[in-house]
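Q: I'm new to this structure and would love a close look at a single part of it. Could you start with one helix and what surrounds it, and then lead me on from there to other places worth a visit?

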Amino acid sequence: MVRAVRDGEAMRAVARRFAVSVGTVSHWVEHARGQSLARVDFTDRKPGRAWNRTPASREAQILQTRADLRKNSVLGEYGADAIAQTLATVNRHPIVISRATIYRVLERRGALDAVRRQRRPAPPKGWYLPRLTGGEAELDSFDFIEDLKIADGPLVCLLTGISLHGALADAWVMPQRRTTSTIEALLTRWRAQGLPDYAQFDNDNVFQGAHHLADAVGRISRLCLALGIIPVFAPPREPGLQNAIEGFNGLWQSKVWQRHHCPNVAALRRVSATYIAAHRAKTASRRDHGPVRQPFPKGFSWDPATALRGRMIFIRRSDDRGVVNLLGRAYPVDENWLHRLVRCEVDFTHRRLRFYALRRRDPDDQPLLHEVSYPHHIKHSKAKK
C-alpha cells in the first residue's frame, strides 16, 4: 500500500484495491514517512502496558497475599481490606496500596469469590391477580393526596384514580377525606366510563372501613361487591403494587400543583380538569387496545346493609410464624411460607377463605397454600363517613 501511494496512486484507490479503509492506508503511509520500505517495521503491535497500571510483580504479590490469607488467616478474611492491611505491615518494605486498586487487580485476575447480584426482569403489571397479566381484566386504583394548601385558603385533599391497562385517569378536589364523597366520585366515574373488574385501594379507613372491628366491611367495599367489582387491598408499607396510582399522583403534583398558582378551590378544579382531559387524550390509544369495561347497570340502587356476595382480596405478607392478618383476625397459612406475600381471597358467597402464595420471581406460579371456612358474622363498618 505504501509503495503504491509513493508511486503516485491515490489513497482512496489504494484502499479500494486492498479492501481496507482510507484511514488504514493513511496510517501506514505516515508510519513509513521518510524511511526506506526495507527498514520500516510493519508489525501490527498493540500499545504497551499503561504507564499507571500496577506492575506485574505487585499484582503477583497481591494474589499471593490473598492465597496466604485464605489459607492461614485466623479471622478467615482475605478480601481487599485484609490484603491492604497485610501489605502495609510487611516488615522490610511496607506497601501502601488502595483498596480500589487491590479490588481491580483481583477482578482482572478472576480472583473474586463474590457473585454479582442477578438482575431479574420486573413482573408484568398486575402480576398478583392472574386475570390482569394477560390483559383479560381491568383494575382501577384509587388513592388520596393530602394536605394541599391553597394560597390564603384552606387545606384540601385530592382523590385520584387511574386504570392499570387503559391509563384512564381521574382527580377530584375535596375539602376532606370522607367515605360519602368518595363513593359519589366512584359512582360518577363508573357511570361515565363503565365498570372495571377490580378496584384497588390502600388500607385507609375511608376505603377499608374501621380497623378496630373484626370482620367489618366498609361501605366502599360493599358498593364494589354490589356492582360485581372485586375490591383489592394492597399490603401496608409494601412497594410495587401501588406503582400505577403512586406514579400518577407524582405526575399530577408535578404537572398541576407545582406549575399553577391557584388562588381558590374553584381555580384548582378547573386546572385539574383541563389536565385530566389532556391526559386522557394522550392515553386514548391504550384504552382502544385494553380490556373492555362493563356497562354500569341501569336502575342501580344500593342498600349498604344487603348481605354480601362475591369476593374481596387482600394482599398481605406473612409473619415469622406463617400467619397473616386480615379483617381483624389472624390466620395461620403455612409454617414454611414466612415473610412472604400471600393473596387472601374472602369468598362471601361460599363463606370460604383461600390463601395463595405469591412470588415476584415466578409470577405465574400461585399455588393454593390453605383454605378454611369463614363462619364469622360480617359487620357493616360505618366509620369515617
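A: The buried residues of α6 pack against two other helices, α4 (56–72) and α5 (80–88). Please keep in mind as you look that this is a predicted model. Helix α6 itself covers residues 99–108, and its buried residues are Thr 101, Ile 102, Val 105 and Leu 106. These residues lie on the same side of α6, because they cover an arc of only 135 degrees around the axis. Just after the helix comes a glycine to look for: α6 is followed by Gly 110, which has a positive phi, near 65 degrees.

Helix α3 can be read in a similar fashion. Within its residues 22–31, the buried ones are Val 25, Trp 28 and Val 29. Their arc around the axis is only 105 degrees, which puts them on the same side of α3. The cover over these buried residues includes α1 (2–6) and α2 (11–18).

From helix packing, let's turn to charged side chains. A search of the whole structure finds 24 salt bridges. One of them to pick out on your screen is between the side chains of Asp 140 and Arg 189, at 3.1 Å from N to O. Asp 140 belongs to strand β1 (residues 139–149) and Arg 189 to helix α8 (residues 179–193), so this pair ties together parts that are 49 residues apart in sequence. Both of these partners, Asp 140 and Arg 189, are buried.

Another pair to find is Glu 238 and Arg 317, a salt bridge whose closest N and O atoms are 2.6 Å apart. Glu 238 sits in the loop between β6 (230–233) and α11 (243–257), while Arg 317 is in strand β7 (residues 311–317), so here the parts tied together are 79 residues apart in sequence. Glu 238 counts as buried, at 16% relative accessibility. Arg 317, by contrast, is partly exposed, with a relative accessible area of 35%.

A third pair is Asp 362 with Arg 359, where the closest N and O atoms of the salt bridge are 3.4 Å apart. Asp 362 counts as partly exposed at 28% relative accessibility, and Arg 359 is partly exposed too, with a relative accessible area of 28%. Salt bridges can also share partners: in this way Asp 140, Asp 170, Arg 189, Arg 280 and Arg 293 are joined into one network.

Now for an arginine without such a partner. Arg 219 is found in helix α10 (residues 219–226). Arg 219 is buried yet has no salt bridge, and the nearest side chain of opposite charge, that of Glu 184, is 8.8 Å away. The side chain of Arg 219 does have a polar contact of 3.3 Å with the side chain of Thr 180.

What about the cysteines? A disulfide is a covalent bond between the sulfur atoms of two cysteines. This structure holds 0 disulfides. Cys 224 is in no disulfide, and the nearest cysteine sulfur to it, that of Cys 344, is 18 Å away. Cys 224 counts as buried, at 0% relative accessibility. Seen from the other end, Cys 344 is likewise in no disulfide, with the sulfur of Cys 224 as its nearest, 18 Å away. Cys 344 also counts as buried, at 0% relative accessibility.

Two further residues round off the tour. Ala 167 is located in the loop between β2 (155–163) and β3 (169–174). Ala 167 is buried, with a relative accessible area of 4%. Leaving aside neighbours within four places in sequence, Ala 167 is in contact with Ile 162, His 279, Thr 283, Arg 286 and Arg 287. Here you can also look back to Asp 140: the C-alpha atoms of Ala 167 and Asp 140 are separated by 9.0 Å, and these residues are 27 apart along the chain.

The other residue is Gln 208, in helix α9 (residues 205–208). Gln 208 counts as buried, at 11% relative accessibility. Not counting residues up to four places away in sequence, Gln 208 touches Asn 203, Ala 216, Val 217, Gly 218, Phe 233, Phe 314 and Arg 316.

Conventions: Residues are numbered from 1 along each chain as its sequence is written. This is a predicted model: local features need pLDDT of at least 70, side-chain atom pairs count only at pLDDT 80 or more; totals for chains, interfaces and linings use all residues. Side-chain values use heavy atoms; hydrogens and water are left out. Helices (H or I, at least four residues) and strands (E, at least two) are DSSP runs, numbered from the N terminus. Buried means under 20% relative accessible area, exposed over 50%, partly exposed in between (1.4 Å probe, protein chains only). Lys and Arg count as positive and Asp and Glu as negative; His and the chain ends are not counted. A salt bridge is a side-chain nitrogen of Lys or Arg within 4 Å of a carboxyl oxygen of Asp or Glu. A polar contact is a pair of N or O atoms within 3.5 Å; within protein, one must be able to donate a hydrogen and the other to accept it, and residues adjacent in sequence count only if both atoms are side-chain atoms. The arc is that of the directions from the helix axis to the C-beta atoms. Contact means heavy atoms within 4.5 Å. A disulfide is a pair of cysteine sulfur atoms within 2.5 Å.
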